[in-house]
Amino acid sequence: MCWLQIFLIVGLVDWLKCQEIQHMTTEEKNTIRDRIVEMFDHAYGSYMKYAYPADELMPLSCKGRVRGQEPNRGDIDESLGKFSLTLIDTLDTLVVLNKLDEFEDGVRKAVRDVRLDSDVVVSVFETNIRVLGGLLGAHVMADLLRQRGGRMQWYEDELLNMATELGHRLLPAFNTSSGLPYPKVNLRYGVQNPLSRTGAESDTCTACAGTMILEFAALSRLSGESVFEEHARRALDVLWERRQKGSDLVGTVINIHNGEWVRRDSGVGAGIDSYYEYLMKAYILLGDDVFLERFNVHYSAIMKYISQPPLLLNVHMHNPTVSARSWMDSLLAFFPGLQVLRGDLKPAIETHEMLYQVTKQHKFLPEAFTTEFRVHWGQHLLRPEFAESTYYLYQATGDPYYLRVGQSIVEKLNAYARVPCGFAAVQDVRTGTHEDRMDSFFLAEMFKYLYLLFTEKTQLPISIDDYIFTTEAHLLPVSLTTTQPSCQGNKTETHAVAHKEDLFTRTCPSTDTLFPNNPSFAKSIRDSYKYLTGVGRAFHPSPMREIELPLHDSGIEPVEFLKSMGISLTPLNEFSTGDIRREHQGACRMKLVAEVRQTLDEEEVVPHAVQLISPPFLGRTVLMAGPAKFGMDLTKREHGVKGSIAKASPYTACRPLENPAELKDHVALALRGDCMFAAKARWLQAAGAIGVIFIDHQEGSNSEETPLFQMVGDGDSTDDIALPLVFLFSREGAILAAALEEHRNVDVLLLPKERQLGHGKTDQPGLNIKLRFSEEEEVEEEEEEEEELSGSTVKVLLDESEDLK
């Protein structure tokens, strides 16, 4: 047999093996689906056994999280309203998983036990998507089952009535001059009431104001009360009017009173994400062209400025050719799914593959990661966005590759997040340590998307194509527009905006159009990013090798694009750096010879310390702290910064401080979360603080188990921040907070750990003082005696006859 024939046979065998690996049999799919159901039973069963009627399960403590009974986590706790959050958020998941008995039992419990009038301040955004959306999705399912007969015959729209009550309790948040809602509301007292303990906020995030239309419009259509849809539409109108007209982008944080942008960085992740999602889905649900037109304008801007395949990078909305930061957050993982709805599969496949490579490197998507795919924030809260996009891509392509991706999600959850009482968030993907939380969205979204990924439509108890998913994966019927017409006089006017239209601007995506006679199209896109993070790449001992990277037209030069990805190219004299050629429309391929050099995986972090120096501590209590990349450089202060500590109010320091007199000339304590470190520092600096100690909001985090990191700014210039800033993990922060609670006046020293008081002094010669009474005949002997003591010795001889007063 000739060598050519051998090569052909070997190549064919390898190709067939590859196909076998990707292909998934019906039996294997059923096995994985059964495993998903067992995992859901473990998570939901643990909540019902150990936590209900509490809002959430604490899976490490095996108990419920009740607001006010556990340490305050700041704004994170504003998802909790003493309304059995996890049960409400999970109800329609029970139907999708065909657990109809459990669904009926859950509805009975919700109707019997859940109250919506507790005296608690809650997030308008979270309460809308989780609780209002959960009640509406469960009502739609209950009504469907009732109409079929046999089940739910006792049901009389109780969940819809509860949703209407909750809607009215959220409405006071919209009482602003602009129409943008307050970010928080008291369920019992609203916003303006003296007892509400809220209403001083001036800012909200774009997603917080722009993610109301699906739930509020559905509530209006189902209840007949137009007021909800009217307010949601008005909020969207304001965001659209306030977009940057030159770039058609929006910022991240906006003032709710005057509509001015507070944070002007623009992306598709945290703070903006579901605003774009709801424009597209509002068109699908309500059939209103204005939402599609607005989405298309924004989408063109996103693809022009933010999308740099496979990356999605934040930019400045007023200067969109400039990147605002060098890292991405995990919430942007929803975007490939939204691109599938838009019909733009090529960039969806590219970004999804990049995200998959990051999960292969770190087991889960870190809460944030750099453009070099290193960990920026190591936390993983069991977020479902990556599973969501995986589901959408499989529905669009039918490619079994995405079943394998889903399988890896299932296996990693079981291997690294499962605990005896449920599933626990991962505190840091680098260490694998757990956090005592299982957010409700894990049951509402993760299991829904994973189950649907491995289940044929004919096996489902409902026709899934008849529904649209909210951002919390609650199910609303797309028939809502025809069965429940628009409320009288509630139609947003269309303002024509010129933009370039393409094949999918006004038509639904079709796989026949996307993949004309080329079933391997998706694979050909993925292969370009297969070794993006370096995981799985074959080892090449030679220090010189040729690399090929796909470079899409993005308004910047190819080398600059590579730099934005964290790839540095150094031209070598003996090699050519040219050979650029056009591959196909919209993309080019550039061959470069680069020298591969060893680089440090992590940037060196100089440990800092918070040393308690006032009585009774006297410097003996030293807490390990992390530094900041901005503010005062403590390594250049010989003696550090000293001051008394005072707690900021509000504790997160994300708005003007309520206690500036207490903070003036003090070192402020502030809780991590809700806004950027730089924003907190600016508010505290304005209040007169002389330093800031940030305390982690992740319960149980500590410097022994979690690597120190450097706090970073918000992407804008931080030259205006002059305060010294340090970061304490939760456990060390609790020690400091307890000291303040007990002693009221606590002085601390902020400085690099190697310079802490008393550090490195043990080998220095000391001063020995010897006190004794003498006998008369010993005086001369003592003067001549020499003691072999290290250092200087002072002898004091006291005569008993002397007056020692």
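**Close-ups of rings, cavities and loops**

**View 1. Y391 and Y449, both buried (under 20% relative accessible area with a 1.4 Å probe, protein chains only; exposed is over 50%, partly exposed in between).** This is a predicted model, so local features need pLDDT of at least 70 and side-chain atom pairs pLDDT 80 or more, while totals for chains, interfaces and linings use all residues. Numbering runs from 1 along each chain as its sequence is written, and side-chain values use heavy atoms, without hydrogens or water.

The structure has 27 aromatic pairs (Phe, Tyr or six-membered Trp rings with centres within 6.5 Å; planes under 30 degrees apart are stacked, over 60 edge-to-face, the rest tilted). Y391 and Y449 make a tilted one, with 5.9 Å from centre to centre and 40° between the planes. That pair bridges distant parts of the chain: Y391 sits in helix α14 and Y449 in helix α16 (residues 440–453), 58 residues apart.

**View 2. F442 and F447, an edge-to-face pair.** Their ring centres are 4.9 Å apart and the planes meet at 65°, so the pair gets the edge-to-face label. Both F442 and F447 are buried. Zoom out a little and the pair turns out to belong to one aromatic cluster, made of F40, Y44, F423, F442 and F447.

**View 3. Two charges parked over tyrosine rings (NZ of Lys or CZ of Arg within 6 Å of the ring centre and within 35 degrees of the ring normal).** R526 lies over the face of Y401, 3.6 Å from the ring centre. K647 does the same kind of thing over Y651, at 4.3 Å from the ring centre.

**View 4. The largest cavity, with about 190 Å³ of space.** The structure holds six cavities of 30 Å³ or more (sets of 1 Å grid points where a 1.4 Å probe fits but cannot get out; lining residues have an atom within 4 Å of a point). The lining of the largest one takes 15 residues, and T359, F364, L365, H380 and F386 lie nearest its centre. Helices α14 (385–397) and α15 (401–416) each put in at least two lining residues, with α15 giving the most, four. By type, the lining splits into seven nonpolar, four polar and four charged residues.

**View 5. The second largest cavity, about 110 Å³.** Here 14 residues do the lining, with G378, D428, R672, Q698 and F709 nearest the centre. Strands β15 (375–377) and β18 (425–428) each supply at least two of the lining residues. The mix for this second cavity is three nonpolar, seven polar and four charged.

**View 6. Two cis peptide bonds, each leading into a proline.** Y52 and P53 are joined by one, with omega about 10°, and P53 lies in the loop between α2 (26–51) and β1 (56–58). The other runs from P615 to P616, with omega near 5°; P616 lies in the loop between β25 (608–612) and β26 (621–625).

**View 7. C62 and F373, non-glycine residues with positive phi.** For C62, phi is about 55°. C62 is found in the loop between β1 and β2 (63–65) and is partly exposed, at 27% relative accessible area. F373 has phi near 70° and sits in the loop between β14 (368–370) and β15. At 4% relative accessibility, F373 counts as buried.

**View 8. The whole chain, for context.** The chain has 24 helices and 33 strands (DSSP runs: H or I of at least four residues, E of at least two, numbered from the N terminus). Of its 805 residues, 56% are buried.

Methods. On a 1 Å grid over the protein atoms alone, a cavity is a set of points where a 1.4 Å probe fits but cannot get out, and a pocket is an open set with protein on both sides within 12 Å along at least five of seven lines; lining residues have an atom within 4 Å of a point. Grid points are joined across faces, edges and corners, and a volume is the space filled by probe spheres set on the points. Ala, Val, Leu, Ile, Met, Phe, Trp, Tyr, Cys and Pro count as nonpolar, Asp, Glu, Lys and Arg as charged, and the others, Gly among them, as polar.
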